[in-house]
Amino acid sequence: MTDSQPDEFWQGVAQFNQHQFYACHDTFESLWMEATEPDKKFYQGILQIAVALYHLENQNWRGAVILMGEGMNRLSSYQPDYGGINVNQLLADTARILNILQETGPERVSEIVQQAGDRTDQTDDGRKTIAGAIALPRLERISPDSMSR
């Protein structure tokens with residue numbers, strides 16, 4: 001990985017943080033297809049979490065659960081941070097949503113998504129919450145001087 005990511009990476013980060021998960025998928029897929037390791041696996045992990053959240057928006061419990069797990073697995077070796085992103089925070093936020101989904105099951109995914117859509121709850125930093133309980137993941141940028149890799 002280079003010290004700085006390409007502009008397209010930061011475009012994908014912005015799309016993810018604005019909950020434009022389909023567009024984010026396209027952006028990260030383009031990066032992933034051209035990348036070499038270790039960036040390739042990193043981009044794929046973010047892409048999978050974005051697609052999982054897209055599935056969640058569409059009440060596709062199975063797709064959301066499977067891709068969250070796969071994305072988290074791919075990103076686990078990039079902790080605590082990589083590419084200017086706080087991977088620990090992304091994994092923690094994603095794990096919380098995955099646990100909620102696993103606890104409620106596929107038959108109640110519409111309730112979770114409906115509640116999230118009906119609620120205007122937000123965290124102090126303006127992030128949307130699912131069922132008023134958990135913030136949707138964000139790709140938190142870290143300062144360059146604190147990068148671990």
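Over the ring of which residue does the charged end of Lys-40 sit? In this predicted model, the charged end of Lys-40 is placed over the ring of Trp-32, at 5.1 Å from the ring centre. A further charge over a ring is found at Trp-10, where Arg-141 lies over the face at 3.7 Å from the ring centre.

The chain comprises 149 residues, of which 45% count as buried. Its secondary structure amounts to 6 helices and 4 strands, and from the N terminus on these elements follow the order α-α-α-α-β-β-α-α-β-β. Among the contacts in the chain with a separation of 6 or more, 60% are accounted for by residues 24 or more positions apart.

Aromatic residues pair repeatedly, with 11 aromatic pairs in the structure. One of these joins Phe-16 and Phe-21 in an edge-to-face arrangement, with 5.5 Å centre to centre and 85° between the planes. Phe-16 has 0% relative accessibility and therefore counts as buried, and Phe-21, at 2% relative accessibility, is likewise assigned as buried. Tyr-78 and Tyr-82 form an edge-to-face pair as well, for which the centres are 4.7 Å apart and the planes enclose 70°. Tyr-78 is buried because its relative accessible area is 4%, below the 20% cut-off, and Tyr-82 counts as buried at 3% relative accessibility. These two tyrosines also belong to a cluster linked by ring pairs, whose members are Phe-9, Trp-10, Phe-28, Phe-42, Tyr-43, Tyr-78 and Tyr-82. Trp-10 thus appears both in this cluster and beneath the charge of Arg-141, which lies over its face.

Helix α1 spans residues 7-17, and its buried residues are Phe-9, Trp-10, Gly-12, Val-13, Gln-15, Phe-16 and Asn-17. The elements that cover these buried residues include α2 (21-34), α3, β2 (85-86) and α5. Phe-9 and Trp-10, buried in α1, are also members of the aromatic cluster, whereas Phe-16, buried in α1 too, pairs with Phe-21. Helix α1 is followed by His-19, a residue of the loop between α1 and α2. His-19 has a positive phi of about 60° although it is not a glycine, and it is buried, given a relative accessible area of 16%.

The contact of helix α3 (residues 39-57) with helix α5 (residues 87-104) was examined in terms of geometry and composition, and the axes of the two helices come within 12 Å and cross at roughly 35°. The crossing of α3 and α5 is left-handed. On the α3 side, Phe-42, Ile-46, Ile-49, Leu-53 and Leu-56 take part, and they meet Val-87, Leu-90, Thr-94, Ile-97 and Leu-101 of α5. The residues of this contact divide into 9 nonpolar, 1 polar and no charged. An α-helix has 3.6 residues a turn, so residues three or four places apart point the same way. Phe-42, which contributes to the contact with α5, is in addition a member of the aromatic cluster.

Helix α4 (residues 61-75) contains Gly-71, which counts as buried because its relative accessibility is 0%. Leaving aside residues up to four places away in sequence, Gly-71 touches Gly-45, Gln-48 and Ile-49. Gln-48 lies 4.9 Å from Gly-71, C-alpha to C-alpha, although the two are 23 residues apart in sequence. Ile-49, touched by Gly-71, is also among the α3 residues that meet α5.

Several backbone features occur in the loops. The peptide bond from Glu-37 to Pro-38 is cis, with omega near 10°, and Pro-38 is located in the loop between α2 and α3. Gln-79 and Pro-80 are also joined by a cis peptide bond, for which omega is about 5°, and Pro-80 is placed in the loop between α4 and β1 (81-82). A positive phi of about 60° is found at Gln-59, which is not a glycine and which belongs to the loop between α3 and α4. The relative accessible area of Gln-59 is 38%, so this residue is classed as partly exposed, whereas His-19, with 16%, is classed as buried.

Key. Residues are numbered from 1 along each chain as its sequence is written. This is a predicted model: local features need pLDDT of at least 70, side-chain atom pairs count only at pLDDT 80 or more; totals for chains, interfaces and linings use all residues. Side-chain values use heavy atoms; hydrogens and water are left out. Rings of Phe, Tyr and Trp (its six-membered ring) pair if their centres lie within 6.5 Å; planes under 30 degrees apart count as stacked, over 60 as edge-to-face and the rest as tilted. Buried means under 20% relative accessible area, exposed over 50%, partly exposed in between (1.4 Å probe, protein chains only). A charge sits over a ring if NZ of Lys or CZ of Arg is within 6 Å of the ring centre and within 35 degrees of the ring normal. Axes are lines fitted to C-alpha atoms, for helices over the stretch in contact, and angles run from 0 to 180 degrees between N-to-C directions. A crossing is left-handed if the near helix is turned anticlockwise from the far one by less than a right angle, and right-handed if clockwise. Contact means heavy atoms within 4.5 Å. Ala, Val, Leu, Ile, Met, Phe, Trp, Tyr, Cys and Pro count as nonpolar, Asp, Glu, Lys and Arg as charged, and the others, Gly among them, as polar.
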